[in-house]
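Biologist: Could you walk me through this one? I'd like to go sheet by sheet, then look at the rings and at how the chains go together.

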2 protein chains.
Amino acid sequence: MALKIAIVGASGAVGQEFLQVLGASNLQIDELRLFGSERSRGRQYAFRGTTTEKVRCLGEDPHAFDGLDFVFVSAGAGVSKQYADLFTSGGAVMIDNSSAFRMDNDVPLVVPEVNGSDAFNTPRNIIANPNCTTIQMVVALEPIHRLSPICRVHVATYQAASGAGASGMMELEAQLRAFVNKGDMPVEKFVAQLACNLIPHIDTFTDNGYTREEMKMHFETKKIMHAPDLEVSATCVRVPVMRAHSEAIWVETEEALDVETVRKAFADAPGIVLHDLPEPLGYPMPLDASQTDPVYVGRIRADLANPRGINFWCVADQIRKGAALNAVQIAQYILDHR
Amino acid sequence: MALKIAIVGASGAVGQEFLQVLGASNLQIDELRLFGSERSRGRQYAFRGTTTEKVRCLGEDPHAFDGLDFVFVSAGAGVSKQYADLFTSGGAVMIDNSSAFRMDNDVPLVVPEVNGSDAFNTPRNIIANPNCTTIQMVVALEPIHRLSPICRVHVATYQAASGAGASGMMELEAQLRAFVNKGDMPVEKFVAQLACNLIPHIDTFTDNGYTREEMKMHFETKKIMHAPDLEVSATCVRVPVMRAHSEAIWVETEEALDVETVRKAFADAPGIVLHDLPEPLGYPMPLDASQTDPVYVGRIRADLANPRGINFWCVADQIRKGAALNAVQIAQYILDHR
């Protein structure tokens, strides 16, 4: 089937990854329209050996989204809210990377390995892509949850600069140069120096002391996994890594599970690469996971502080599975299953 | 009281910090003998406005440790085991920074804020300094444990390069230079590139899949806190930070505690600086904690996945409170309380 696709936010870190992921996919794409901010108007990019049409701005042509199958949107929650009607007005399915609609009851929140069939329940023709930290975690939780329902999750994240977009990665690079050359330290995108530091604060604070980033992991996990009683307590930390997120995760299941059973379930699970050997380099690291598709799992152990607990380490590329790849996989799932 | 003190491993990262911490303390030090490896033989260092005597090597003079009050040892477990009898033969108390004797029943493992009085129970004249990750954690656990006994701890660490010694910090710096200048990446001290990466593996692996570093947190915490039923499950991760360790900690107590009560207990606890505001920079970060004494605590929240749980974020300088400072505080405690 020949597809007509638009990317909104085409010049951003995730937008650029959409071009990579779509280009490498086996989707037949007949038409690709790119949209972006005034700053990126007119830019063109390489795509499948040719050059894309020029980046357009939103709001100029009411028919700009007519005749499309999918609109991939990654330009912030404000743009998603403002233009959702425009994106879907011509019949396209909007796959939205922002947090704008994730918790809306009439918008499914989809990770194909977990709840792909929810992608068909789209009264508003909008599907939300979960937050990056949630996506990789639920891919890893799902095979355990199928062995025995998970009741609690404790997770500490190690989140890469890419989560703050292309400008986040550029600022980390600039900071590392300043650190090495003993120059002035640029601090604009992050609230503090990230180079050789950690910032335990992502997104804004909520009334209970958790950040919005941490509450996304709490609420989105329940929705994706259809598990209202699965409680997540997260601590989200920005680390000086470029583009793959890591997570130290403890789960408590209703029945006790042994490590071998869990390891086998990970090995057989879609989207997961098991990398779990008790030896140097026998575990996933963010540098190795960068620019690759899978969710990597390792360091699987019995929880020494909980007889019904398992803990493990989980790494995935934030821009790919954490954003662009998952969105494209949602479209792929719809095409494969309808 | 005028003291005679020796430092073994004087040229290492911790040894150098001993000179700083002892120099800044109000201990009256009449004599300071320095010992090190063949490589550092003859070196001299600045100390309280003068120059130390030359670094000597071990094993050459059987009376080298006669007449001392304290011998601070930080030269690896092998040196501690081989020379413990020599260090204590002249009546000195050996305060050992290595893991050699930590779990021996006749060697107390001491963090003054938690179990200072154990420092007087020294049949072998040896006191062990706990592992850096354990020290900062138990300082933070103790005020909660006094409100209601802690039964479980889940902890994810973010450990600085300094934990691998001065050569670890130098390798991280060299790696950052290589990253910025696109040069050859030196990887000798760590098992992989640490710059812009994370290594979820510190010390060797044990049979249960945990690393020795993780099991130190498990066993040492029980011993220091006199809490054999307090179970700790740790994931220890090396991060590209220079010299302060951070920890995301979840505790479960026997009785439910509210966040305000815990916050007040932290504020009143010795050795802790509370830094807990729901706003940008309202939390401790390792860059700020570097080269300072306290254990910093922030991000205190009710555990959303456990009605009897509290979670928080804890940062301390690894070389100072995690090593040299705690050892000097043990000596200070003995002098103040005997």
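Biologist: In what order do the 6 strands of the open parallel sheet in chain B run?

Modeller: Keep in mind that this is a predicted model. Each of the edge strands, β5 (56-57) and β8 (126-128) of chain B, pairs on one side only, so start at one and finish at the other. Inside the sheet, strand β1 (residues 2-8) and strand β6 (residues 70-73) of chain B are joined in the parallel sense by 4 bridges. The full order in chain B is β5-β2-β1-β6-β7-β8.

Biologist: Which residue of β6(B) is the bridge partner of B:A6?

Modeller: Look along the β1-β6 pairing in chain B, which has 4 bridges. Opposite B:A6 you'll find B:V71.

Biologist: What angle does the direction of helix α1 (residues 13-24) of chain B make with that of β1(B)?

Modeller: This helix packs on the sheet and touches β1, β2 (28-36) and β6 of chain B. Another helix, α2(B), also packs on the sheet, touching β1, β6, β7 (93-96) and β8 of chain B, with its direction at about 160° to that of β7(B). For α1(B) against β1(B), the angle is about 160°.

Biologist: Staying with helix α2 (residues 77-89) of chain B, why are B:Y83 and B:F87 separated by about one helical turn?

Modeller: Their rings form a tilted aromatic pair, 6.2 Å centre to centre with 35° between the planes. Both residues are buried. As for the turn, it follows from their spacing in the helix: they are 4 residues apart.

Biologist: Now the other open sheet of chain B: is its pairing mixed or parallel?

Modeller: Its 6 strands go β10-β9-β11-β14-β13-β12, with β10 (231-235) and β12 (272-274) of chain B at the edges. Strand β13 (residues 295-302) and strand β14 (residues 309-317) of chain B run antiparallel, joined by 6 bridges, and B:A302 stands opposite B:I310 there. For the sheet as a whole, the pairing is mixed.

Biologist: Which strands of chain B does helix α7 (residues 259-268) touch?

Modeller: That helix packs on this sheet, and its direction makes about 175° with that of β13(B). The strands it touches in chain B are β12, β13 and β14.

Biologist: Over in chain A, how many of the 5 residues of strand β10 (residues 231-235) are buried?

Modeller: Strand β9 (residues 150-158) of chain A runs parallel to β10(A), with 5 bridges between them; A:V153 there stands opposite A:V232. The strand β10(A) is largely enclosed by the rest of the structure, because the buried count is 4 of the 5.

Biologist: Rings next: why does the pair A:W250 and B:W250 count as tilted?

Modeller: There are 20 aromatic pairs in the structure over all chains. This one joins two chains, because A:W250 lies in strand β11 of chain A and B:W250 in strand β11 of chain B; both residues are buried. Their ring centres are 6.3 Å apart, and the pair is tilted because the planes meet at 55°.

Biologist: What distance separates A:R301 from the ring centre of B:Y210?

Modeller: A:R301 lies over the face of that ring. The reverse arrangement is there too, with the charged end of B:R301 over the ring of A:Y210, 4.7 Å from its centre. For A:R301 and B:Y210, the distance is 4.7 Å.

Biologist: What kind of axis relates the two copies?

Modeller: Chain B superposes on chain A by a rotation of 180° with 0.0 Å of shift along the axis, at RMSD 0.0 Å. The same surface serves both copies, with 100% of the contact residues of chain B recurring in chain A. The copies are thus related as by a two-fold rotation axis.

Key: Residues numbered from 1 in each chain as written. Chains lettered and ligands numbered in written order. Predicted model: local features only at pLDDT ≥ 70, side-chain atom pairs only at ≥ 80, totals over all residues. Heavy atoms only, no water. Phe/Tyr/Trp six-rings, centres within 6.5 Å; stacked < 30°, edge-to-face > 60°. Buried < 20%, exposed > 50% of the residue type's maximum accessible area, 1.4 Å probe, protein only. Lys NZ or Arg CZ within 6 Å of the ring centre and 35° of its normal. Pairing = 2+ DSSP bridges. Contact = heavy atoms within 4.5 Å. Axes fitted to C-alpha atoms, helices over the stretch in contact; angles between N-to-C directions. Least-squares fit on C-alpha atoms with pLDDT ≥ 70 in both.
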